[in-house]
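Hi everyone, thanks for making time this morning. I have one structure to walk you through, so let's put it on the screen.

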Amino acid sequence: MNAAQAFQAWRENMTHVRRLSTKTVEAYTHDVGGFLQFLHQHRGEDIDLAALKDVVAGDVRGWLAIRRQDGLGPRGVARAVSALRTFYQFMEKQGWVENVSIRRVRPPKLPPSIPKPVSISGAQALLEEAEIIGGEAWVAARNVAILTLLYGAGLRISEALGLNRSALPLAEAIIITGKGNKQRVVPILPEARDAIDAYIRLCPFGAVKEDPVFFGARGKRLHPRIVQGLMQHLRRSLGLPESATPHALRHAFATHLLAAGGDLRAIQELLGHASLSTTQRYTSVDETHLLSVYERAHPRAKSQG
């Protein structure tokens, strides 16, 4: 077996055994294929398993240096390292190649990702479009109710879809059990309560308290993939960016509250975050707003004003 055959076997494993997404398979094979090409040019010979075994960290660093010169950013470098390590892990599992040096290659530290919330006009357009494209009346009402709840209460998709009929009719505030079984009190806007009431009146499923609030077409608890697919369809119809996902509505909930002067601590509680720093990253807080919060709240700042 040569490197090309190992590479092909790894690609098929990702596609048919691990069933990774098409984009992930394409990205990983592009990265590792590029490394094999680099190695061939660097050594001036065909690459076999023995050559892959002899690869050292310096070879990888040389390849990544060229990728950086070509404009690859920190996240791209991290992905390339991950792809190469995955390739070697596969070969080691097959008993073909073991290379300790590859395990020692560390990806760069990445800055915290900045959430990309949906704009206020984008959120409104999503709700209006969801009402139009739903097909059956109860499905359209369900879609509107879910999106209204995600945007109006800042729920995670798992929290919204985990609601049971025992929670109905929704009160002005409900207790949500989030990550780590941590409970928080979340206010529910009248618009969200009305949307859910309208959906319940049309829904053909559900009769007992243990039933879910949100049903799929086959009468079972709605799966997150259906909501993700709905958002994908909506953003394409409306020309919204790929970042417009169900979770982006939670980002939007927090960001729009913050932009309207909402208190960081209160938003932290509404989101169920353990630390304020998480809320700051989550809502893309800018320095100007943080300074204004400080100047309004800090006693020393007030005394000097």
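I'll begin with the whole chain, then move to the strands, and finish with a glycine in a helix.

Please keep in mind that this is a predicted model. The chain holds 16 helices and 2 strands. Of its 305 residues, 41% are buried. For the surface people among you, the chain exposes about 17,100 Å², and 52% of that comes from carbon and sulfur atoms. Now to contacts: if we take those between residues at least 6 apart in sequence, 60% join residues at least 24 apart.

On to the strands. β1 covers residues 173-177, and β2 covers residues 183-187. The two run antiparallel, with 5 bridges joining them. One pairing you can look up on screen is I176, whose bridge partner in β2 is R184. Together β1 and β2 make a hairpin, with 5 residues between the strands. In that turn sits G180, with a positive phi of about 65°.

Which side chains of β1 are buried, and which are not? The side chains alternate along the strand. I174 and I176 point to one face and are buried, while A173, I175 and T177 point to the other face and are not.

Last stop: G229, which lies in helix α11, residues 224-238. Is G229 buried, partly exposed or exposed? Its relative accessibility is 30%, so G229 counts as partly exposed. If you want a distance to check, the C-alpha atoms of G229 and P246 are 9.5 Å apart, and these residues are separated by 17 residues along the chain.

That's my tour, and I'm happy to rotate the view for anyone.

Notes: Residues numbered from 1 in each chain as written. Predicted model: local features only at pLDDT ≥ 70, side-chain atom pairs only at ≥ 80, totals over all residues. Heavy atoms only, no water. Buried < 20%, exposed > 50% of the residue type's maximum accessible area, 1.4 Å probe, protein only. Helix = DSSP H or I, 4+ residues; strand = E, 2+ residues; numbered from the N terminus. Pairing = 2+ DSSP bridges. Contact = heavy atoms within 4.5 Å. Areas by Shrake-Rupley, 256 points an atom, 1.4 Å probe, with all protein chains shown as cover.
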